[in-house]
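Subject: Structure handover

Hi,

Here is the structure I said I would pass on. Have a look at it first, and then read on for what turned up.

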Amino acid sequence: DGKLAFVVEAPRLARHPWLGTFAIDEPRFRIIDGNGDTWNASARSGWVRKDARELRLSEAVAADRVADADGTPLAIRTDRLTALLDSDRMTSDAPVTITQPGLILRGVGLDADLKQDRFSLLADVRARYEKPR
């Protein structure tokens, strides 16, 4: 649609000659979601669909939302994460930890609607709340 979806930096990026997909070693992404929030994401490996509407990150995935309009940063840690850029969603079937000031959530599986700022952990959920200082 002509608007920036993401920027990627990596030591190695390889394009598949027939499929047009990209395999990326040690990618560092800057993703802009539908709300205009910036996410910095990194992993040991990555994959981008030919039309750049889907990103898959694997191994030591870190996705950090720079403080949003309310000033609240958010961090996601997992071993597998898929970003669906057209629908402003992030998903995972792996164990996930979500951290923001005063709250740590752990569970298995993630369905995140970035447009609605809604993050759902799907199983074995544990929460830890801490008093603000």
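A quick word on naming before the details: strands here are DSSP runs of E with at least two residues, numbered from the N terminus. Please also keep in mind that this is a predicted model.

**Strands 8, 9 and 10**

Let's start with S92, which sits in strand 9, the stretch covering residues 89-100. Is S92 buried or exposed? Its relative accessibility is 10%, and the cut-off for buried is under 20%, so S92 counts as buried. The side chain of S92 makes a polar contact of 3.4 Å with the side chain of T78. Leaving aside residues up to four places away in sequence, S92 touches T78, R80, L81, G109 and L110.

Strand 9 has a partner in strand 8: the two pair in the antiparallel sense over seven bridges. If you want a spot to click on, I76 has I98 in strand 9 as its bridge partner. Strands 8 and 9 form a hairpin with four residues between them, and D88 in that turn has a positive phi of about 50°.

Strand 9 also pairs with strand 10. These two run antiparallel as well, joined by 10 bridges. Here Q100 has L103 in strand 10 as its bridge partner. The hairpin of strand 9 and strand 10 has two residues between the strands, and G102 takes a positive phi near 85° there.

Back in strand 8 you will find T82. T82 is buried, at a relative accessible area of 19%. Not counting residues up to four places away in sequence, T82 touches E54, L55, R56, R89, M90 and T91.

**Salt bridges**

Side chains of opposite charge can pair when their charged atoms come close. How many salt bridges does a search of the whole structure find? The answer is 13. Here are some that you can look up.

One of them is between E9 and R28, whose closest N and O atoms are 3.5 Å apart. E9 belongs to strand 1 (residues 6-9) and R28 to strand 4 (residues 28-32), so this salt bridge ties together parts that are 19 residues apart in sequence. Both ends are partly exposed: E9 has a relative accessibility of 47%, and R28 has a relative accessible area of 43%.

Another joins R77 and D64, with 2.8 Å between the closest N and O atoms. This pair links distant parts of the chain, as R77 is in strand 8 (residues 74-84) and D64 is in strand 7 (residues 54-65), 13 residues apart. R77 counts as partly exposed at 36% relative accessibility, and D64 counts as partly exposed at 26%.

Then there is the salt bridge of R89 and D113, at 3.6 Å from N to O. It connects strand 9, which holds R89, to strand 10 (residues 103-113), which holds D113, and the two residues are 24 apart. R89 is partly exposed at 26% relative accessibility, whereas D113 is buried, with a relative accessible area of 17%.

There is also a network of salt bridges that links R49, D51, R53, E54, R56 and D86. R56 turns up once more, lying over the face of W47 at 4.2 Å from the ring centre.

**Aromatic pairs**

The structure holds two aromatic pairs. In the pair of F6 and F29, the ring centres are 5.5 Å apart and the planes are at 70°, so the pair is edge-to-face. F6 is in strand 1 and F29 in strand 4, which puts them 23 residues apart in distant parts of the chain. F6 counts as buried at 18% relative accessibility, and F29 counts as buried at 3%.

The other pair is W39 with F119, and this one is tilted: the centres are 6.3 Å apart, with 45° between the planes. Because W39 lies in strand 5 (residues 38-42) and F119 in strand 11 (residues 118-129), the pair ties together parts that are 80 residues apart in sequence. W39 and F119 are both buried.

Happy browsing!

How values were computed: Residues are numbered from 1 along each chain as its sequence is written. Side-chain values use heavy atoms; hydrogens and water are left out. Buried means under 20% relative accessible area, exposed over 50%, partly exposed in between (1.4 Å probe, protein chains only). A polar contact is a pair of N or O atoms within 3.5 Å; within protein, one must be able to donate a hydrogen and the other to accept it, and residues adjacent in sequence count only if both atoms are side-chain atoms. Contact means heavy atoms within 4.5 Å. A salt bridge is a side-chain nitrogen of Lys or Arg within 4 Å of a carboxyl oxygen of Asp or Glu. Two strands pair if DSSP finds at least two bridges between them. Rings of Phe, Tyr and Trp (its six-membered ring) pair if their centres lie within 6.5 Å; planes under 30 degrees apart count as stacked, over 60 as edge-to-face and the rest as tilted. A charge sits over a ring if NZ of Lys or CZ of Arg is within 6 Å of the ring centre and within 35 degrees of the ring normal.
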